[in-house]
Amino acid sequence: MMDQALLDLALDIASAITFTVGGAFVLIGAFGLVRLPDVWSRIHAAGVIDTVGAELILLGMMFQTGLTQTTLKLALIGLFLFVTGPTATHAVANASFVAGLRPVRLRRNETADVLGEQPRKEMQP
Amino acid sequence: MTKAVGLLVALFALWLALSGYFKPFLLSLGVLSCLFTVYLASRMKLLDDEAVPLQLRLSLPLYWSWLGGEIFKSAVAVSKVILSRDMQLNQQLIAVPSPLKTDMGHVIFANSITLTPGTVTVEAVPGKFLVHALTEEASAAEGFQEIARRVAAVETR
């Protein structure tokens, strides 16, 4: 009985830590969405939210549900986020690239190395 | 045939995980619907390396956990940039060569780059990716080579 109580306490502490850290990353990501200057840098702030933030909060929920079917479903949600997250991020990045948006204060641009000469005219935000 | 059996097993495992029913009648309905789905998939000629990636090595979960660690490290780096008083942005569009052999390998590599905060794959042409990096550290070529090396280890048996 004592062991069970200790285990529950350890799981509660583990999920408290993951919820706090995950929540902190979501907050930082939201802060970055406001602070960063253009769509390109804001994509990275959104990336912090939908990878580390979301996955850590899911992990915290898994600590709470224990070895049940719910945990399996949460793990599946995490796996699907792991696959669909970058796909959505890439779609946004590629759409803004095709629309002609370029990052502000670009330090290094090797676009020509990949795509050859660019016939499109560049649009500055 | 191997692909069909693999897809059937995966579909039924998903059905069990999501339903949680173990009554014989419901189980047989589950098996029937999985069989029908596999039949439709084979009629649509979907049973290839893309839909049923049985060619990937079983060490894929190990790769995912390594990637999880990398994601956490770069998330901390991006968070530092966001929280610093004068954000030290050093935006770059860089060319990253992709040395992988299969289409699935390219997809895993590009998605891994995008998953890591601080780098996003923008465009892909055969053998090369255009990657947007937020900072100088995020754009280090060694980081990409390390990911590519590990993807090459899981892409084919």
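Student: What makes β1(B) and strand β3 (residues 128–133) of chain B partners, and in which sense do they run?

Tutor: This is a predicted model, in which local features need pLDDT of at least 70, side-chain atom pairs count only at pLDDT 80 or more, and totals for chains, interfaces and linings use all residues. Residues are numbered from 1 along each chain as its sequence is written, while chains are lettered from A and ligands numbered from 1 in the order in which they are written. Two strands pair if DSSP finds at least two bridges between them, and strands (E, at least two residues) and helices (H or I, at least four) are DSSP runs numbered from the N terminus. Six bridges join β1(B) to β3(B), and the two run antiparallel, so the definition is met. In one of these bridges B:Ile94 has B:Val131 as its partner.

Student: How do you know that β1(A) pairs with strand β1 (residues 92–97) of chain B?

Tutor: Two bridges link β1(A) and β1(B) in the parallel sense, and at least two are required. The bridge partner of A:Arg108 in β1(B) is B:Gln92.

Student: Why are β1 of chain A and β2 (119–125) of chain B said to stand at the edges?

Tutor: The open sheet of four strands has the order β1(A)-β1(B)-β3(B)-β2(B), with mixed pairing. β1(A) and β2(B) each have a single partner strand, so one side of each is left without a neighbour in the sheet.

Student: Why is A:Arg105 called exposed?

Tutor: A residue is exposed if 12 or fewer other C-beta atoms lie within 10 Å of its own, buried if there are 20 or more, and partly exposed in between, with C-beta atoms placed from the backbone. A:Arg105 has 10 such atoms within 10 Å, and is therefore exposed. A:Arg105 lies in the loop between α3 and β1 of chain A, and its phi is positive, near 50 degrees, although the residue is not glycine.

Student: What makes B:Lys45 exposed?

Tutor: B:Lys45 has 8 other C-beta atoms within 10 Å, so it too is exposed. B:Lys45 is placed in the loop between α2 (24–43) and α3 (60–83) of chain B, and has a positive phi of about 55 degrees without being a glycine.

Student: What makes α2(A) mostly covered, and where does it bend?

Tutor: Of the 27 residues of α2(A), 20 are buried. The helix bends by about 25 degrees at A:Gly53, where the bend is the angle between axes fitted to the seven residues ending there and the seven starting there.
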